Amino acid sequence: MEVRGPAGANRVSDETLGCIFAHLDSPGDRKAVSQVCRQWRRVDANTRKHVSIANCYSVAPAALSRRFPNLQSLKIKGKPRAFEYELLVPNWGGYARPWVAEVARGYAQRLQSLWLRRMHVTDADLTLLAQSCSESLQVLKLHKCSGFSTSGIHDITTYCSLKLDTSMSSLDSGHSGAGGMTVSEKQAVDRTFPGSRANREYFPAGRSLFNTDLLTYSLSRHESLRVLYLEESAISPSERGGEWLHELALNNTTLEDLNFQYLHEFDDISITDLEGVVENCRSLRSLKVSEIDILDMRGVLSKAHNLREHGTGCCASIGDPLRAGGVDLPRTIIALSGLYELNEIGLPMVANLLPNLKKLDLKYTLLSAQGHVQILSHCVRNVLGDDGLIMVARTCRQLRRIRVDESDGEGFLSPLGMIPIAQNCTKLEFLVMYVVDINNATLRAFGENCPNMKDCRFVLLSTLGTVDDLPLDQGVRCLLKGCRKLTRFALYVRHGGLTDEGMGYIGEYGGNLKWILLGCAGETDQGLLRLAVGCQSLERLEMRDCPVTEAGLATAAVSMKNSLKYMWVQGYQATDAGGRLLARARPFWNVEICSGSSQLPGQLLAYCTLAGPRTDCPPEVDLLSEIAPARENWEL
């Protein structure tokens, strides 16, 4: 359809543009079309269904519903990633309250999905969310959040779950309660449809205003919770009961993903309730639990016929002579994690799943290096050692993701194990390695053999072993030159591990990089400037213990002014005026300075914002005052 414009030119209608924009899933594409003209911006605003906010302080919550009035899905990140490693003060910020209040005001009974990451969420926030989005909320993810208890989760599962028999015969069959409903069904309807209680009291038979047609229409508008994700969140000790799970077992039949993995604070998880959830929710595909004894989970797993992902409980009791019987994991599982305290005795439990597994997380097992070698056939994340990596390289030619974290004991990595991975696993896209030794040949091998690499991170452990082949300048050059799809790159070495020349190679060949983390890298401000001049797509820069000054940071920020949105630097060479220089260098930036202490070196955090200075800084953080005023014309 075309519309004749005032100047006689043909213009595509809003309806046609809306149909076209509906097929644009990339945030970058959405941002690009919104900048074409006012009409396209207006249509994008009215048709945008999902928004991700990488920094909760980058925009004012009130601007969200004005810019995007019809959102159905929202993802917000709060505290910086450094908070996970205890590199920020505990009360740094990242409060969810303003955002939840805006959701309740601007998207009541319309928002379907909310994902909060590293944010402080209170029970009051969850109650407000549950009440305002009881008819629409289907997905709630609280990842690495804190501040709430099971009382708040109970409100979510109570308000956002509904299990009613809506057939005409059930409502009219004369069951106890008004309109033929049971007492529990009456309570669910009262909670979900305000005003229905008085309606039934005035019309006891439920035949007038509150009839089956009205109930059926209302139920058609109500969505039940499909995803409840609490992984790695910290539950408040004020209340840790299991009522929330009991509510799910009673009143939810649509759950697809239940995740409370790596939560050690749950005191009262009923196995009976877990069985009820699995039995009632036939669509359940992912179940990840905390450290529940896996032998107690046998009844739950026997009913989980459609399970695809499972995070098991504690496996320490397997083989206990006082507890007979084993555990049969559903053959449908293709992703397995948890496995707390699994040792060699428990290996037969997972053996039958190995041929079909696509993801295997062994981080919390107690397996020896030899035990790992016995089961390695898919992606792993644990203590492997060079022998384990060699085994992976031989047997996992289709491997796309591998992560090997720091070990407290055996299983350290060196080029001996990493080079075979590079040569054999040529489809790798994601790589994280904590190593005791690294050389240029290792980086060169990945650059020559892994053209699909998108995320590559190497951390050289500072207290173990000696490294002879430093600096890694030429290796970094070959890695970035060969892995042209790389958008995320981290290199944490030791002083002298990467010179200014190597920093220049990052700028020369890292034009597609969007996130960089560097540790002990570079020699002077000149190296950082060479990186900044070339990395014109860089959005996030994180640096630890790199020999740069505030003046150098300001110059780099100016060089990347069209792309850089976030900068975190710890252990830089501070000066009295450098912070204000950085503030003047980048309008619309918040610049926060945290003075050093015996526990933490000084830090500088700078991020792009259209909301102006934040008002919830803790006393330990100084927010620089010379910042451009807030504005509302923002893009996502």
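**Exercise 1. Over residues 11-50, what percentage of the chain is helix, what percentage is strand, and how far apart are the end C-alpha atoms?**

Before we dig in, keep in mind that this is a predicted model.

Step 1. Start with the stretch itself: an unreviewed UniProt entry annotates residues 11-50 as "domain: COI1 F-box".

Step 2. Now look at the secondary structure. Over residues 11-50 the chain is 65% helix and 8% strand.

Step 3. Finally, go from one end to the other: the end C-alpha atoms are 27 Å apart.

**Exercise 2. Find the buried residues of helix α2 and work out why they line one face of the helix.**

Step 1. Helix α2 spans residues 27-34, and its buried residues are Arg 30, Val 33 and Ser 34. Buried here means under 20% relative accessible area.

Step 2. Look down the axis of α2: the buried residues fall within an arc of 100°, so they line one face of the helix.

Step 3. Does that spacing ring a bell? An α-helix has 3.6 residues a turn, so residues three or four places apart point the same way.

Step 4. Next, see what sits over that face. The cover on the buried residues of α2 includes α1 (14-21), α3 (38-47) and α4 (61-67).

Step 5. Last, check how the helix begins. Ser 26 caps the N-terminal end of α2, with a side-chain oxygen 3.2 Å from the backbone nitrogen of Gly 28.

**Exercise 3. Describe the surroundings of strand β14, starting from its side chains and moving out to its partners.**

Step 1. Strand β14 takes in residues 430-435, and six of its six residues are buried.

Step 2. Sort them by direction. Phe 430, Val 432 and Tyr 434 point one way, while Leu 431, Met 433 and Val 435 point the other way. That fits a general pattern: in a regular strand the side chains alternate between the two faces of the sheet.

Step 3. Take one partner, strand β13 (residues 401-404). It runs parallel to β14 and is joined to it by four bridges; in one of the pairings, Arg 403 is matched with Val 432 of β14.

Step 4. Then take strand β15 (residues 455-460), also parallel to β14 and joined to it by six bridges. Here Met 433 has Phe 458 of β15 as its bridge partner.

Step 5. Follow the chain from β14 through helix α19 (residues 440-449) to β15, and you have traced a right-handed β-α-β unit.

**Exercise 4. How many helices and strands does the chain have, and what share of its residues counts as buried?**

Step 1. Count the elements: 24 helices and 22 strands.

Step 2. Turn to burial: 53% of the 636 residues count as buried.

Note on methods:
Residues numbered from 1 in each chain as written. Predicted model: local features only at pLDDT ≥ 70, side-chain atom pairs only at ≥ 80, totals over all residues. Heavy atoms only, no water. Buried < 20%, exposed > 50% of the residue type's maximum accessible area, 1.4 Å probe, protein only. Helix = DSSP H or I, 4+ residues; strand = E, 2+ residues; numbered from the N terminus. Arc of directions from axis to C-beta. Contact = heavy atoms within 4.5 Å. Polar contact = N/O pair within 3.5 Å; in protein donor to acceptor, adjacent residues only side chain to side chain. UniProt positions renumbered as here; feature names shortened; annotations may be inferred. Pairing = 2+ DSSP bridges. Right-handed = clockwise from strand over helix to strand, strands pointing away.
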